[in-house]
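Hello,

Here is the structure I said I would pass on. My notes on it follow below.

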Number of protein chains: 4
Amino acid sequence: MSNSYGTLFRITTFGESHGAAVGVIVDGCPAGLEISMEEIQHALDRRRPGQSDITTPRKEEDKVTVLSGIFEGKTTGTPIAMVVNNKDQHSHDYSHIQHAFRPSHADYTYTAKYGNRDYRGGGRSSARETVARVAAGALAAKLLQHHGISVQSYVSQVGSVKLRKPYNKLDLSQIDSNKVRCPDGKIAARMIGVVEEARDSLDTIGGVVSCVIKGVPAGLGEPVFDKLHAELGKAMLSINAVKGFEYGSGFEGVKLRGSEHNDQFYTDEEGHIRTRTNNSGGIQGGISNGQDIYFNVAFKPVATILQPQTTINDAGEEITLKGKGRHDPCVLPRAVPIVDAMAALVIADFLLRQKVNKV
Amino acid sequence: MSNSYGTLFRITTFGESHGAAVGVIVDGCPAGLEISMEEIQHALDRRRPGQSDITTPRKEEDKVTVLSGIFEGKTTGTPIAMVVNNKDQHSHDYSHIQHAFRPSHADYTYTAKYGNRDYRGGGRSSARETVARVAAGALAAKLLQHHGISVQSYVSQVGSVKLRKPYNKLDLSQIDSNKVRCPDGKIAARMIGVVEEARDSLDTIGGVVSCVIKGVPAGLGEPVFDKLHAELGKAMLSINAVKGFEYGSGFEGVKLRGSEHNDQFYTDEEGHIRTRTNNSGGIQGGISNGQDIYFNVAFKPVATILQPQTTINDAGEEITLKGKGRHDPCVLPRAVPIVDAMAALVIADFLLRQKVNKV
Amino acid sequence: MSNSYGTLFRITTFGESHGAAVGVIVDGCPAGLEISMEEIQHALDRRRPGQSDITTPRKEEDKVTVLSGIFEGKTTGTPIAMVVNNKDQHSHDYSHIQHAFRPSHADYTYTAKYGNRDYRGGGRSSARETVARVAAGALAAKLLQHHGISVQSYVSQVGSVKLRKPYNKLDLSQIDSNKVRCPDGKIAARMIGVVEEARDSLDTIGGVVSCVIKGVPAGLGEPVFDKLHAELGKAMLSINAVKGFEYGSGFEGVKLRGSEHNDQFYTDEEGHIRTRTNNSGGIQGGISNGQDIYFNVAFKPVATILQPQTTINDAGEEITLKGKGRHDPCVLPRAVPIVDAMAALVIADFLLRQKVNKV
Amino acid sequence: MSNSYGTLFRITTFGESHGAAVGVIVDGCPAGLEISMEEIQHALDRRRPGQSDITTPRKEEDKVTVLSGIFEGKTTGTPIAMVVNNKDQHSHDYSHIQHAFRPSHADYTYTAKYGNRDYRGGGRSSARETVARVAAGALAAKLLQHHGISVQSYVSQVGSVKLRKPYNKLDLSQIDSNKVRCPDGKIAARMIGVVEEARDSLDTIGGVVSCVIKGVPAGLGEPVFDKLHAELGKAMLSINAVKGFEYGSGFEGVKLRGSEHNDQFYTDEEGHIRTRTNNSGGIQGGISNGQDIYFNVAFKPVATILQPQTTINDAGEEITLKGKGRHDPCVLPRAVPIVDAMAALVIADFLLRQKVNKV
């Protein structure tokens with residue numbers, strides 16, 4: 001029972017990988033926001049399978065339909081329901097996984113939890129569920145745009161190939177200029193090589209998505225439990241295959257001394273309060289300080305591989321299983337719009353929450 | 001407005017560093033749980049300042065009083081209120097920080113958020129707030145004990161000194177055997193050296209706490225947003241000074257291929273379903289799989305240092321500030337019981353939530 | 001932002017009267033519950049317009065589609081999305097109400113609240129929204145049936161015609177035996193007369209729905225705020241046109257003395273604890289005591305009348321307005337399945353909540 | 001698990017009748033609200049026992065202590081904890097009720113729910129719990145005052161003595177001018193007679209509290225489930241001994257036709273949108289329309305009577321029980337500040353919620 005996310009800008013998602021549809025209800029999007037179907041569809045298109053030869057070759061159109069809450073081009077304050085129909089949901093053969101517990105998949109844990117499961121293509125545990133997040137995220141991003149806030153994610157690591165330049169040394173307009181969504185062309189080429197190698201070995205590879213949020217005013221985040229970075233962390237960790245989250249100086253920062261790590265305040269020429277360094281990642285005491293927010297999200301290698309693996313079935317018997325179908329050798333490029341969406345949802349929610357903190 | 005945490009086992013905390021008291025209401029602790037004051041006090045004593053020469057020398061007794069919800073030694077199902085009075089809250093002089101925005105503290109962000117702030121000793125942003133979490137965590141831990149679940153945290157890194165042995169190669173009974181709370185004596189000695197060096201330089205140092213949870217049955221965690229590791233992540237990131245969270249193979253695991261990373265299922269001699277490796281960290285698809293859960297939490301160096309620092313005041317003017325008083329050169333040893341508490345609260349909540357998932 | 005209801009058995013609804021569709025996501029329905037499409041459709045058919053000549057003659061099929069969460073005839077524990085498409089949503093002419101604030105409708109208040117509104121047929125404020133509640137209520141009722149609990153509502157008053165017999169003197173199997181849904185045939189005939197008279201005068205009339213819930217075990221309801229009757233009250237008051245709620249002895253009971261009102265406990269021949277009277281309406285201290293739960297719900301006369309009325313438009317100018325179209329002269333008969341649905345949702349939620357109250 | 005109330009202005013209460021203390025945490029009160037201890041204490045004094053010879057003669061001082069969240073006379077945005085210590089909690093003898101299930105009390109239902117209970121003076125089910133509500137309500141009322149909103153409750157019925165004048169024909173400044181808190185002196189005298197008669201017969205009597213809220217702007221209330229009147233209803237029904245709620249025309253209004261019941265809009269001389277009648281009770285479609293809000297709350301006679309009653313003990317055996325101690329023959333006069341408090345909490349919450357509904 002946790003298919004909702006957000007306190008005031010709140011989404012509730014539904015749908016199984018091979019059921020009739022996936023979708024979302026957005027409750028709490030403020031009235032009067034102008035939004036077009038194209039804007040929502042554009043976000044889904046960035047997530048769509050079959051975009052390039054390093055993602056799954058499945059062709060899914062992922063066309064969104066809005067059922068409520070938008071009238072004459074504007075949100076009305078009532079819940080916005082969006083649905084994306086699944087294609088060909090009856091055409092597949094799942095007999096090979098119906099009784100299998102695939103390694104590092106959720107087959108076993110869903111069965112342990114609920115007693116039964118929709119075994120078709122992973123059911124609810126499939127990353128297809130993120131379609132709903134991306135559709136909702138497009139609405140959130142529109143609200144952020146209205147407030148001058150941008151969210152930009154990119155692939156910063158694939159396997160051991162790591163982009164070492166910090167975000168502020170990169171040209172973020174180049175994120176979509178290559179199929180791996182790394183804004184540095186040279187590193188991108190090496191990353192693509194790693195993905196192709198994994199794909200050609202019938203294997204998969206993990207990586208890291210980095211995200212930068214600019215234009216967030218000071219004051220967002222709700223201590224003590226809903227600290228801004230705590231919600232960002234939860235939102236990211238709720239995405240399929242994510243294994244870690246760090247913001248600002250992160251895990252590396254633990255090696256520093258306080259005197260090195262502290263961000264010194266100053267007043268800039270325009271009278272704005274700023275910090276000379278940004279080890280805080282734009283967040284202090286769980287509240288935004290007006291500097292850029294940045295963080296990293298670790299994704300494990302996709303569990304479905306096209307090689308035979310030993311595992312057990314639901315009778316506890318050892319079996320050999322081999323992945324079928326068309327799968328991503330590396331989720332990272334398609335994870336970028338999902339990280340964007342979840343980050344936008346978190347910031348939109350905190351924007352609304354901050355509206356009630358002062359008399 | 002986020003001083004509550006948990007869905008069914010839910011805590012609400014209050015209190016400023018130098019106000020009258022800090023405390024917590026636990027709502028949702030099941031009726032009939034036997035608990036003694038000593039058990040709660042013991043948890044607080046592990047967190048208490050002044051335990052050793054590498055923590056703050058402040059002497060705070062932190063004696064807990066239970067105001068409701070426990071009757072004749074058992075919980076009654078009604079809310080359990082616990083209060084710890086603050087000592088000497090009127091005896092301090094805060095004139096040096098009343099108008100200052102200390103570097104990497106929450107002075108500026110609280111002011112931006114709320115318009116005013118309780119500037120005495122950091123007010124609500126002080127780590128003193130965690131007293132309430134530890135008291136509540138003791139109740140949660142008691143519930144876990146009833147279900148055969150243990151939570152054990154330890155310091156695995158201080159500065160650049162890192163304990164490389166995985167948790168299952170350590171003797172976790174030794175955690176409290178030294179003042180830095182690292183179960184490996186040799187590494188502990190080196191860590192202590194690093195802390196002392198920082199302390200003697202009037203500086204501070206960061207580190208990592210690792211946590212292991214054993215005995216969790218398969219089935220805990222609520223997809224899709226309240227995945228078990230997503231809530232653990234949020235809970236950890238909500239602790240003061242935390243900058244990162246990873247579980248299972250974490251950030252290192254992204255370098256692996258799927259064929260290396262996947263955890264193969266097998267049935268052990270007693271008929272239990274197990275995995276041969278545990279890169280999943282005991283969690284698959286956001287749900288526990290019955291294996292050990294383990295994760296790492298990164299803590300930045302404490303922001304308060306006893307050296308002069310340049311910063312600004314609330315008029316935006318540059319000032320020089322020097323930390324006063326008695327502060328921790330390294331929060332790690334005292335962070336251990338806080339990580340324990342938050343982990344226990346998360347698991348207790350999911351234990352209750354799982355009770356309603358099947359007809 | 002309040003299109004969700006329930007704590008553990010939780011529904012989120014969407015849809016405008018003349019938008020594309022209305023629907024609901026049910027999150028938290030336990031896994032393993034057997035349910036058929038026919039059972040859900042049956043509940044909707046009881047609410048459907050055009051059932052008789054005393055309800056609106058609009059013909060809406062209200063066919064439900066389940067998009068997720070039910071697999072092979074059973075719930076899976078994942079969210080259950082249900083959608084009912086609206087018919088002919090583009091065929092109407094709303095120019096007469098686009099700028100009008102209809103008396104005792106929500107046109108003015110929605111405009112004041114959100115700045116804009118979907119004026120087609122009342123938009124979100126239309127009672128068409130209750131389609132979603134009834135679909136979700138069918139699932140809840142199925143869960144109650146599994147626990148031996150029944151919910152039965154009936155019309156007990158129309159205008160000044162009041163059924164004075166208490167519920168336990170009625171044959172509740174006769175509720176659907178007449179078109180006004182009053183189980184007493186004689187009173188039903190008089191009620192029908194009153195509705196026809198109102199209809200023929202181009203007017204509308206109010207009334208009361210009574211509800212009886214049998215088989216609820218002792219222990220449901222969550223003090224202190226979510227008392228069983230407090231949630232029943234909220235659920236009923238959230239239905240369109242409801243103006244009052246009372247349970248047990250209700251408003252009449254205030255005239256009694258404690259010695260008359262108190263329900264004396266006794267142990268019956270089978271050893272069950274019972275009360276000799278039931279002024280408590282089956283609820284004491286906000287918790288069910290195992291006796292029948294019963295309550296009354298007051299519905300005002302429908303605001304849409306086919307007579308000319310004076311009101312203002314959104315420029316504040318006085319206008320004359322006359323209802324068009326096909327409307328109910330009395331909502332009571334069609335309100336019965338809605339009261340059933342909301343009552344079932346409340347009890348289902350408390351059934352789940354009670355599962356976690358004891359160690 | 002429901003000791004919290006409110007979405008954004010949220011209270012969490014604790015405490016048993018004869019435990020150490022009762023209290024509340026208010027989370028979400030906006031920062032910068034000026035409030036003095038006297039204002040909070042004043043509200044508690046109106047609820048305090050021993051005010052007159054028609055309430056319980058128990059002498060409880062009910063002195064409130066604020067533990068956090070208020071600094072230099074203003075709220076800081078952090079949680080406000082307030083505690084009222086119980087007096088003499090160890091001096092009573094409860095042996096006569098330890099094993100008894102008192103008629104129409106919550107002894108049996110708490111035992112059924114939780115397995116054990118704090119039997120001292122009703123424990124958590126005692127109306128002493130409302131101390132916490134009144135303290136929190138004082139903060140809410142202060143916020144309302146800041147927005148020009150007033151809440152005024154009064155006793156409108158005791159037994160069969162009913163004040164028939166509507167609220168707008170009364171001088172509400174006279175509410176506290178007599179000990180029964182009815183603003184009409186003649187009716188008040190008759191009510192007092194009824195209470196004295198009940199008291200002298202060692203019995204109790206019920207009644208009705210009416211409440212008027214003035215100055216609420218149009219737009220408060222959150223469809224579809226958190227309609228303004230639905231939350232008011234829930235809040236009132238959550239008060240001990242309440243059996244019914246109606247607003248505007250209420251149960252009487254069901255007898256009217258739509259043409260009689262509809263409230264016609266007009267624009268007044270100052271250009272404000274108003275209605276000529278107010279059967280809607282200031283709420284249309286669940287949202288305030290700017291007119292006065294008014295409602296009635298039915299209270300049953302107090303269950304504790306000083307006469308012998310037949311009931312059973314926890315072994316199911318018949319026993320005779322006689323109330324001891326000092327109890328209210330009629331809760332109505334002391335219920336007035338509790339209705340005030342809950343109404344203020346509801347409106348304060350909706351004021352905050354409305355802040356986020358438009359871009």
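How many bridges join strand 12 of chain A to strand 12 of chain B, and do these strands run parallel or antiparallel? Three bridges join the two strands, each spanning residues 242-247 of its chain, and the strands run antiparallel. One of the pairings puts E246(A) in strand 12 of chain A with G244(B) as its bridge partner in chain B. Please keep in mind that this is a predicted model.

The contact between these two chains takes 94 residues from chain B and 94 residues from chain A. On the chain B side, 42 of the residues touching chain A are polar, 34 are nonpolar and 18 are charged.

Chains C and D can be described in a similar way. In their contact, 94 residues of chain D meet 94 residues of chain C. The side of chain D that touches chain C has 18 charged, 34 nonpolar and 42 polar residues. Strand 12 of chain C (residues 242-247) and strand 12 of chain D (residues 242-247) are antiparallel and joined by three bridges. There, E246(C) stands opposite G244(D).

One residue in chain A carries an annotation. An unreviewed UniProt entry places the feature "binding site" at R47(A). R47(A) is found in helix 1 of chain A, which covers residues 37-47. Is R47(A) buried or exposed? R47(A) counts as buried because 25 other C-beta atoms lie within 10 Å, and the cut-off for buried is 20 or more. Leaving out residues up to four places away in sequence, R47(A) touches T130(A), V131(A), V134(A), R334(A), P337(A) and I338(A).

Regards

How values were computed. Residues are numbered from 1 along each chain as its sequence is written. Chains are lettered from A and ligands numbered from 1 in the order in which they are written. This is a predicted model: local features need pLDDT of at least 70, side-chain atom pairs count only at pLDDT 80 or more; totals for chains, interfaces and linings use all residues. Two residues are in contact if their C-beta atoms, placed from the backbone, lie within 7 Å. Ala, Val, Leu, Ile, Met, Phe, Trp, Tyr, Cys and Pro count as nonpolar, Asp, Glu, Lys and Arg as charged, and the others, Gly among them, as polar. Two strands pair if DSSP finds at least two bridges between them. Helices (H or I, at least four residues) and strands (E, at least two) are DSSP runs, numbered from the N terminus. UniProt positions are given in the numbering used here, feature names are shortened, and annotations may be inferred rather than shown by experiment. A residue is buried if 20 or more other C-beta atoms lie within 10 Å of its own, exposed if 12 or fewer, and partly exposed in between; C-beta atoms are placed from the backbone.
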